Amino acid sequence: MKRVFYISDDLDDLELVENELELSGISSPQIHVLSDNDAEVASHQNLHPVKSYMRNDVIHSTEIGAVVGMCIAVFVLICAYLAGFTESAGWIPFTILAIVMLGLTTWEGGLFGIQELHYQFRRFKHVLKSGKHVLMVDVKPSQEIVLANVTLAHDKLKLAGTAKAPPQWLITAQNRWDKIKRAMP
């Protein structure tokens with residue numbers, strides 16, 4: 001899947017685009033609006049704002065912290081072995097130290113990510129500060145023509161690039177969850 005970004009300063013037009021996309025077969029979990037003015041986005045019932053957990057970089061930074069932590073853990077174990085400490089003290093204290101280091105760096109990565117804008121959204125920081133909004137649409141290759149047809153009819157939309165989208169299974173799960181929520185009284 002591919003994530004396509006568009007910039008616009010008109011939320012009414014973005015709401016119209018989102019409705020047209022949904023009528024054309026692109027589901028609502030595939031469409032999001034990123035804005036610094038969340039209250040204005042919330043006033044448009046058919047717009048789906050970017051969720052707070054998607055807005056910050058927690059997941060990506062936690063993954064980076066885990067990779068760094070894994071490297072540190074391996075380094076601790078190798079140093080303990082090469083220095084001969086494992087023969088006198090055994091492996092247990094150094095294994096515990098390695099696990100603690102892995103946990104701390106993973107945690108620190110997540111804490112760092114809470115403060116940062118998602119890595120895919122950083123390029124739009126100045127656009128958001130200027131009061132504009134970013135429309136994100138996650139499409140399968142078979143939906144790219146539908147997206148192009150809908151967006152070409154809207155002059156206020158400006159193509160702003162592409163990025164890797166979430167996996168297809170996640171969007172399928174979100175679609176199923178939406179159906180369950182609508183079926184509940």
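This is a short talk on the fold, the salt bridges and the surface patches of one chain.

Please keep in mind that we are looking at a predicted model. I will begin with the overall layout. The chain has nine helices and four strands. Starting at the N terminus, the order of elements is β-α-β-α-α-α-α-α-α-β-α-β-α. With 185 residues, the globule rule gives a radius of gyration of 16 Å, but the chain comes out at 22 Å, well over that, so it is more spread out than a compact globule. Along the principal axes, the C-alpha atoms fill a box of roughly 75 × 40 × 35 Å. As for burial, 37% of the 185 residues are buried.

Next, the salt bridges. How many does a search of the whole structure find? The count is five. I will go through some of them.

Take aspartate 138 and arginine 3, whose side chains meet in a salt bridge at 2.7 Å, N to O. This pair links distant parts of the chain, since aspartate 138 sits in strand β3, residues 133–139, and arginine 3 in strand β1, residues 2–8, with the two positions 135 residues apart. Are these two partners buried or exposed? Aspartate 138 has a relative accessible area of 2%, so it counts as buried. Arginine 3 is at 5%, so it is buried as well.

Another salt bridge joins the side chains of aspartate 10 and lysine 156, with an N to O distance of 2.7 Å. Here too distant parts of the chain are linked: aspartate 10 is in the loop between β1 and α1, lysine 156 is in the loop between α8 and β4, and they are 146 residues apart. Aspartate 10 is buried, at 17% relative accessible area. Lysine 156 is partly exposed, because its relative accessibility is 46%.

There is also a bridge between arginine 55 and aspartate 38, at 3.1 Å, N to O. Arginine 55 belongs to helix α3, residues 52–55, and aspartate 38 to helix α2, residues 38–42, a separation of 17 residues. Why does arginine 55 count as buried? Its relative accessibility is 18%, and buried means under 20%. Aspartate 38, at 42%, is partly exposed.

Now to the surface. Which residues make the nonpolar patch? They are Ile92, Ile96, Val100, Leu104, Trp107, Leu111 and Ile114, and the patch is about 690 Å². Leucine 104, one of these residues, lies in helix α6, which runs over residues 92–115. Leucine 104 is partly exposed, with a relative accessible area of 41%.

The surface also has a patch of positive charge, where Lys51, Arg176, Lys179, Lys181 and Arg182 gather. Of these, I will single out arginine 182, which is in helix α9, residues 168–183. Is arginine 182 buried or exposed? Its relative accessibility is 65%, so it counts as exposed.

One last position is proline 167. Its place is in the loop between β4, residues 158–164, and α9. Proline 167 is partly exposed, at 37% relative accessibility. From proline 167 to threonine 106 the distance is 23 Å, C-alpha to C-alpha, and the two are 61 residues apart in sequence.

To recap, the chain is more spread out than a compact globule, it holds five salt bridges, and its surface includes a nonpolar patch and a patch of positive charge.

Key: Residues numbered from 1 in each chain as written. Predicted model: local features only at pLDDT ≥ 70, side-chain atom pairs only at ≥ 80, totals over all residues. Heavy atoms only, no water. Patch = residues over 30% accessible without salt bridge, like charges linked within 9 Å, V, L, I, M, F, W, Y side chains within 5 Å. Areas by Shrake-Rupley, 256 points an atom, 1.4 Å probe, with all protein chains shown as cover. Salt bridge = Lys/Arg side-chain N within 4 Å of Asp/Glu carboxyl O. Lys, Arg positive; Asp, Glu negative; His and termini not counted. Charge placed at Lys NZ, Arg CZ, Asp CG, Glu CD. Buried < 20%, exposed > 50% of the residue type's maximum accessible area, 1.4 Å probe, protein only. Rg over C-alpha atoms; globule rule 2.2 N^0.38 Å.
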